[in-house]
Amino acid sequence: MTTTLAPELNIAGLAPDDAVAFPVATVAPAPALLVEHVTKRFRPERRKPPVIAIDDVSLRLERGAIHGILGANGSGKSTLIRLVCGLLTLDEGRVEVFGLDIERDELAVKRLINRVSVDAAFFKKLSPMENLLFAARLYGLDAGAARREATRILGRLGIAQSRLGRPVEQMSRGMQQKVAIARALLTSPTLLLLDEPTTGLDPRSKLEVQAFVEEVNTSHDATIVLTTHDLAEAERLCGRITLLNGGRVVAEGTTPELKRLVAERHGQPETLEAVFMTFTGRSLDDDVEEDGETDA
Amino acid sequence: MALLTGELKASYAFVERNFFLTRRYWGWELAFLVYSVAGALSISLIGAAAGDDRLLLTLVIGAVFWNYLSVVFSWIAETIAVERWEGTLEYTFMAPVRRWTQLLGSCLYAMAYGLVHTAAMLAVLLVFFPQLRPESMNVLTAGAFVLLGSFSFVGIGMMAAILPLLYVERGAQMTFVLQSCLLLVSGVYYPVSVLPGWMQAVSHLSPATYVLAGVRAGLLNGTPITALWGDILPLVAMGIALIPAGLWAFGRAERHAKRTGKLKRVG
């Protein structure tokens with residue numbers, strides 16, 4: 001539970017940080033995700049200076065939101081997702097999920113979140129059902145209930161029951177990605193992190209996944225963070241958008257706010273593509289190695 | 001109690017998943033078993049050719065029990081390497097599971113798999129060499145040493161498993177080299193006394209040395225376990241020390257991997 005200043009007590013001219021010096025007037029529910037001044041550096045080689053992958057990033061997502069994170073390749077989107085998942089340690093700052101600190105309350109946070117990454121990572125020789133059953137057991141789900149729920153979710157995503165027993169490696173890229181989404185949803189996450197979930201999917205599969213994301217958001221009360229290069233997808237799904245460039249937040253707002261901003265201040269067309277180009281200063285086709293993480 | 005039950009259920013997830021993997025890769029499993037049996041037979045036939053039943057049994061014991069220990073070691077040591085290869089490592093590390101729970105599941109499956117694999121090999125060898133007389137052997141002594149040795153190998157396996165966590169490409173190779181060194185110094189097919197002095201000193205650090213000495217004493221001489229404290233105590237001490245050390249080292253390695261971004265999929 002966090003405490004915040006009631007809007008009516010805000011005093012004009014005070015920055016939010018100054019405002020907390022005043023008495024707290026109301027108790028507000030914790031945000032679904034709170035990222036405060038997070039910094040992450042990597043050192044690809046010992047003798048070279050560290051690369052700053054995430055630079056003093058702050059975000060706040062309210063419960064039930066779909067929040068888009070846009071940025072060119074290498075802007076830090078995936079690193080930010082990994083930091084929230086606990087797959088990377090924070091160098092500076094803190095992250096809370098529904099009021100729980102991701103380092104102090106690690107296991108509790110892990111129960112609340114799940115992630116779908118751009119590469120559908122599975123044991124490829126195992127079937128979708130075997131992969132999902134493994135995931136379900138890790139999250140403490142009963143095997144029988146997990147089988148029923150997996151069948152239902154995969155059916156909803158257009159994967160027939162007859163495909164559930166065959167190895168994942170025999171499925172198309174799009175179908176594998178749907179199984180990855182099903183794996184994440186099986187654990188009923190209240191915070192779902194979707195890292196380019198529709199990249200590489202054909203138009204039909206992309207639309208099906210987008211519709212399902214909307215359904216999950218409304219019917220499962222899941223808060224969703226979505227990174228994508230598909231600006232139409234971001235416009236369709238996301239209530240708010242954060243733009244990252246070089247690991248820093250360069251803009252944040254609703255799609256209409258951001259469009260209006262580039263039109264009024266920069267004389268650009270009122271499109272999300274213009275927003276992207278203006279704030280990232282790069283082409284959508286720039287092919288830079290994603291993130292600064294070491295592979296050595 | 002509920003917490004423990006939950007963790008044991010999560011451990012079972014790894015047992016079940018590894019069973020699924022074994023079932024799916026049954027062709028490779030069969031090929032591996034045939035190769036192992038052929039290797040054990042080839043080595044044992046050296047004893048048969050010499051017309052020395054004692055040498056034959058010495059070699060059979062070396063082949064069979066080294067097979068068990070190396071299978072247990074490999075399954076645990078490859079826990080991380082396999083997940084890195086498949087790309088699932090991040091998902092497993094994201095799950096709300098304690099690391100000892102994951103390792104416990106991997107170890108339980110490794111031991112069960114090792115027992116089945118080794119039993120199949122032993123059955124073939126007993127058919128091939130009818131002169132071996134199991135009724136004159138102290139099987140209890142052999143079983144106790146294998147059990148005690150398993151704990152030590154679990155600990156070493158955990159430490160080996162961190163190599164692919166720390167060194168993305170070279171880790172699996174280093175694990176293989178470590179296993180080869182254990183084979184060389186542990187007196188699997190020959191007495192440790194034939195090794196150079198410095199290797200004999202190193203052999204005292206290998207749990208396999210004590211396991212094989214105890215098993216041979218039990219099966220060759222029918223020695224009861226109560227007469228083998230000199231080999232039991234080092235094994236017990238290694239088991240007590242190596243499992244917590246393995247868990248500790250794994251935790252440190254995981255922290256390092258998360259700090260440097262090495263959990264990320266490669267390839």
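A residue is counted as buried if 20 or more other C-beta atoms lie within 10 Å of its own, and as exposed if 12 or fewer do. By this criterion, applied to a predicted model, buried residues make up 43% of the 296 residues in chain A. The chain contains 10 helices and 12 strands, and among its contacts with a separation of 6 or more, 68% are accounted for by residues 24 or more positions apart. Chain A is divided into domain 1, residues 1-30, and domain 2, residues 31-280; the centres of domain 1 and domain 2 of chain A, taken over C-alpha atoms, are separated by 30 Å.

Helix 5 of chain A, residues 143-156, illustrates how burial is distributed around a helix axis. The buried residues of helix 5 are A:Ala146, A:Ala150, A:Ile153 and A:Leu154; because these residues cover an arc of only 95° around the axis, they fall on the same side of helix 5. On the other side of helix 5, the residues A:Gly144, A:Ala145, A:Arg148 and A:Arg152 are exposed. The packing partners of the buried residues of helix 5 are helix 4 (128-138) and helix 6 (173-186) of chain A. With respect to its length, the 14 residues of helix 5 should span 20 Å at 1.5 Å a residue, and the end C-alpha atoms are indeed 20 Å apart, so the expected and computed spans agree. Helix 5 is followed by A:Gly158, for which phi is positive, near 85°.

An open sheet of chain A is formed by 6 strands in the order 8-9-10-5-11-12, with mixed pairing. Strand 8 (113-116) and strand 12 (248-253) stand at the edges of this sheet and have a single partner strand each, so that one side of each is left without a neighbour in the sheet. From one strand to the next, the twist of the sheet averages 20°. In general, strands of a sheet pair through backbone hydrogen bonds, in either a parallel or an antiparallel manner. Strand 11 (residues 240-245) and strand 12 of chain A run antiparallel and are joined by 5 bridges, and within this part of the sheet A:Thr242 stands opposite A:Glu252 in strand 12. Helix 10 of chain A, residues 272-280, lies across strand 5 (66-70), strand 11 and strand 12, and helix 10 runs at about 35° to strand 11.

Technical notes: Residues are numbered from 1 along each chain as its sequence is written. Chains are lettered from A and ligands numbered from 1 in the order in which they are written. This is a predicted model: local features need pLDDT of at least 70, side-chain atom pairs count only at pLDDT 80 or more; totals for chains, interfaces and linings use all residues. Helices (H or I, at least four residues) and strands (E, at least two) are DSSP runs, numbered from the N terminus. Two residues are in contact if their C-beta atoms, placed from the backbone, lie within 7 Å. Two strands pair if DSSP finds at least two bridges between them. Axes are lines fitted to C-alpha atoms, for helices over the stretch in contact, and angles run from 0 to 180 degrees between N-to-C directions. Domain bounds come from an automatic or database domain assignment. The expected span of a helix is 1.5 Å times one less than its number of residues. The arc is that of the directions from the helix axis to the C-beta atoms.
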